[in-house]
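Thanks for coming. I will go through one model today, a few places at a time, and end with how far to trust it.

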Amino acid sequence: MSLRLLKVSIRSEVDVVGARQRARQIAELCGFGQQDQVRIATTVSELARNVFRYVGSGHVDFSVEGSTAPQTLLIEVHDKGPGIPNLDEILAGHYRSSTGMGLGLLGARKLMDAFEVRTSAGKGTHISLRKLLPGTAKLITAQAAGQVGGALAAATVDMALSEAQQQNQELLTTLAELKSRQEELLQLTRELEDTNRGVVALYAELDEKAEHLRRADQAKSRFLSNMSHEFRTPLSSIRALAKLLLDRVDGDLGVEQEKQVRFILDGANSLTELVNDLLDMAKIEAGKVEIRPSVFQVADMFSALRGMLRPLLVSDRLQLSFQAPADCEMYSDEGKVSQILRNFISNAIKFTEGGSIVVKAEVVPKTGAVRFSVTDTGIGIPIDQQSIIFEEFSQVENHLQRNVKGTGLGLPLCRQLATLLGGSVAVSSRPGSGSTFSASLPLMHSAPQTPREEITGIALDDVRLPVLVIEDRPELRLLYERYLHQSEFRLLAASTLNEAETIWRNVEPRAVLLDILLEGKDSWHWLVQIKNDESRRHVPIIIASDVDDKNKAMGLGADAYFLKPLGRDELLAALRSLVGSEGDRNEMPSRAVIT
């Protein structure tokens with residue numbers, strides 16, 4: 001939808017001044033700020049002067065495009081002259097003229113959001129300029145456009161004196177702002193110099209501290225590893241000697257002696273468990289833990305755990321059960337997955353006096369992961385304590401604590417092992433109602449991806465043409481992925497403009513499919529930004545949106561426009577028309593318009 005506001009004829013110098021004045025008045029009535037009013041007035045003045053100087057007559061049309069906010073101010077400058085020679089050279093900034101020809105066109109393109117010029121020797125020149133209205137501007141309807149026209153008709157037009165005064169005021173204001181900003185820049189420069197000196201000194205100190213921390217961390221890991229090995233030998237001797245005494249190899253023991261030896265054996269076992277956990281932690285921190293993935297059935301792993309852990313159930317009041325999905329196959333390190341679950345189950349047995357412990361595995365749809373959970377009916381964990389239980393040597397005080405042994409390293413070790421396998425751990429608990437510890441692990445373990453692979457989410461050896469799809473609704477992203485499946489195009493998915501920029505820095509798309517409304521915000525300004533970027537404007541942008549505003553979109557540079565829902569045939573036809581077939585990959589796509 002386009003609403004015409006005013007038409008200004010250019011036949012004399014006075015008309016040039018009048019066009020500038022009207023442009024500023026229209027910009028003010030449309031809601032533009034002072035600086036944008038000056039930009040729009042200056043642009044119209046330069047182009048109107050070109051019309052009068054090189055052709056002698058023409059006209060300027062002002063109108064508003066779009067039915068949704070933000071609307072677009074459309075300014076069209078027409079003449080029926082001989083056309084503009086060397087237009088490509090002028091727009092590239094290479095043309096040099098003694099009369100200044102071309103500077104007005106370059107300035108107009110920089111000051112406006114969208115710029116288009118068509119020229120020929122027989123039909124003259126038509127220049128279209130577009131500027132997005134501010135987000136705070138009111139929607140201009142047909143009635144409002146009539147009111148704007150009435151306000152323009154009622155406005156006085158004192159061409160020479162009034163416009164000269166206005167330009168003098170703008171110049172004085174600009175000079176005052178420049179002086180103020182120059183003073184601010186000088187002050188900022190002095191502050192930055194002082195700050196830089198402080199930052200340099202701080203960086204030097206931080207580097208020194210970081211080096212100390214690195215050395216301390218390495219020393220800690222080496223100490224834990226070495227001491228763990230050193231502790232194992234005497235602990236093994238203590239345990240062996242204690243067992244010999246308890247087996248009466250060298251004679252009978254008194255009741256008190258047996259009791260004391262059992263204390264010694266229990267202490268040695270606890271220390272051995274602590275040493276093993278410390279050694280595992282040290283290996284992980286030092287990066288010396290090797291992942292040995294293999295294919296295994298979750299049900300088979302559960303069977304082994306059932307046989308291993310049933311002896312720990314010292315009371316008939318506590319039931320341990322396992323629930324595994326049928327034919328759930330994983331490619332991961334079975335030993336480390338089993339170690340995580342053993343720690344979870346051991347904790348559940350320690351802090352559950354009666355009831356049940358349920359060990360469960362379930363495949364999470366669409367994520368390629370399996371969620372292991374251990375749910376007990378034990379004493380539970382207060383909410384304010386749940387954030388610390390995965391920290392080293394942290395334990396929650398409770399009435400069962402003195403009756404069970406523990407190092408405070410089991411859960412931190414589970415978290416590190418899960419991270420090593422590409423997953424994560426979590427806990428959900430309420431005091432008196434029990435706890436659920438869970439570990440979400442990928443079904444297929446893979447080596448850590450490079451940053452580029454993580455960002456794009458695609459295989460780097462995929463030779464299909466990349467299409468950047470910017471859509472915040474996951475069901476539509478999935479739909480577009482199905483559309484492009486088994487075609488010459490591959491999908492790069494982004495839900496926000498920031499994600500899209502990140503992807504674009506790593507992989508340049510051959511086309512963009514853009515939704516106008518993303519999480520409640522419009523993407524019109526991003527469209528303008530891309531089409532004003534010399535290095536990216538050649539990439540065709542296809543809009544698929546619920547917003548019915550085709551004219552505004554095409555005017556701002558979109559190459560195709562569709563209302564949702566967009567069909568597969570329509571999308572592929574638009575991509576093939578704008579990008580080219582698979583055999584044209586090395587050629588730059590030319591601009592096409594599909595509506």
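Start with helix α12, residues 474–484, and helix α16, residues 568–579, which pack at an angle of about 65 degrees with their axes 10 Å apart. That angle makes α12 roughly perpendicular to α16. The crossing of these two helices, α12 and α16, is right-handed. Bear in mind throughout that this is a predicted model.

Which residues make the contact between α12 and α16? On the α12 side they are Y480, R482, Y483 and L484, and on the α16 side R568, L571, L572 and L575. By type, the residues of this contact between α12 and α16 divide into six nonpolar, two charged and no polar.

Two of those residues lead us to A544. This alanine is in strand β18, residues 541–545. Is A544 buried or exposed? A544 has a relative accessible area of 2%, so it is buried. Setting aside neighbours within four places in sequence, A544 is in contact with Y480, the α12 residue I just named, and also with L513, L514, D515, F562, K564 and L566. As for L571 of α16, its C-alpha atom is separated from that of A544 by 9.4 Å, with the two positions 27 residues apart along the chain counted as their separation.

Next, the other helix pair. Helix α1, residues 13–29, packs with α2 at an angle of about 155 degrees, and the axes are 8 Å apart. That makes α1 roughly antiparallel to α2. As with the previous pair, the handedness is worth stating: α1 passes α2 in a right-handed crossing.

The list of contacting residues here is as follows. From α1 come E13, V16, A19, R20, A23, R24, A27 and E28. From α2 come Q37, I40, A41, T42, V44, S45, A48, R49 and F52. Sorted by type, the contact of α1 with α2 has nine nonpolar, three polar and five charged residues.

Take Q37 from that list. It lies in helix α2, which spans residues 34–54. Q37 counts as buried because its relative accessibility is 8%, and the cut-off for buried is under 20%. Not counting residues up to four places away in sequence, Q37 touches R24, A27, E28 and F32. R24, A27 and E28 are among the α1 residues that meet α2.

A second buried side chain in a helix is S338. It lies in helix α9, residues 334–350. With a relative accessible area of 9%, S338 is buried. Beyond residues up to four places away in sequence, S338 touches M301 and L305.

Now a loop. L556 is found between α15, residues 550–555, and β19, residues 560–563. Although it sits in a loop, L556 is buried, with a relative accessible area of 2%. What does L556 contact? Leaving aside neighbours within four places in sequence, the partners are T72, A114, R130, L132, W524, L527, V528 and K531. T72 is 484 residues away along the chain, and the C-alpha atoms of L556 and T72 are separated by 8.7 Å.

Among those partners, W524, L527, V528 and K531 are buried residues of α14. Helix α14, residues 524–531, is mostly covered, with six of its eight residues buried. W526 and I530 are also among the buried ones.

Now the whole chain. The protein has 16 helices and 19 strands. Of its 595 residues, 41% count as buried. Among contacts with a separation of 6 or more, residues 24 or more positions apart account for 69%.

Last, confidence. The mean pLDDT of the protein is 80, and 80% of the residues reach 70 or more. Where is confidence highest and where is it lowest? Strand β15, residues 511–514, is highest at 95, and helix α11, residues 451–456, is lowest at a mean of 42.

Two stretches deserve a warning. Over residues 448–458, pLDDT stays under 50, and the model has 15 contacts there beyond four places in sequence. Over residues 581–595, pLDDT also stays under 50, and the model has 36 such contacts. Where pLDDT is low, the predicted coordinates should not be read in detail.

Terms used. Residues numbered from 1 in each chain as written. Heavy atoms only, no water. Helix = DSSP H or I, 4+ residues; strand = E, 2+ residues; numbered from the N terminus. Buried < 20%, exposed > 50% of the residue type's maximum accessible area, 1.4 Å probe, protein only. Contact = heavy atoms within 4.5 Å. pLDDT = per-residue confidence, 0-100. Axes fitted to C-alpha atoms, helices over the stretch in contact; angles between N-to-C directions. Parallel < 35°, antiparallel > 145°, perpendicular 65-115°, else oblique. Left-handed = near helix turned anticlockwise from the far one by under 90°. Nonpolar A, V, L, I, M, F, W, Y, C, P; charged D, E, K, R; others polar.
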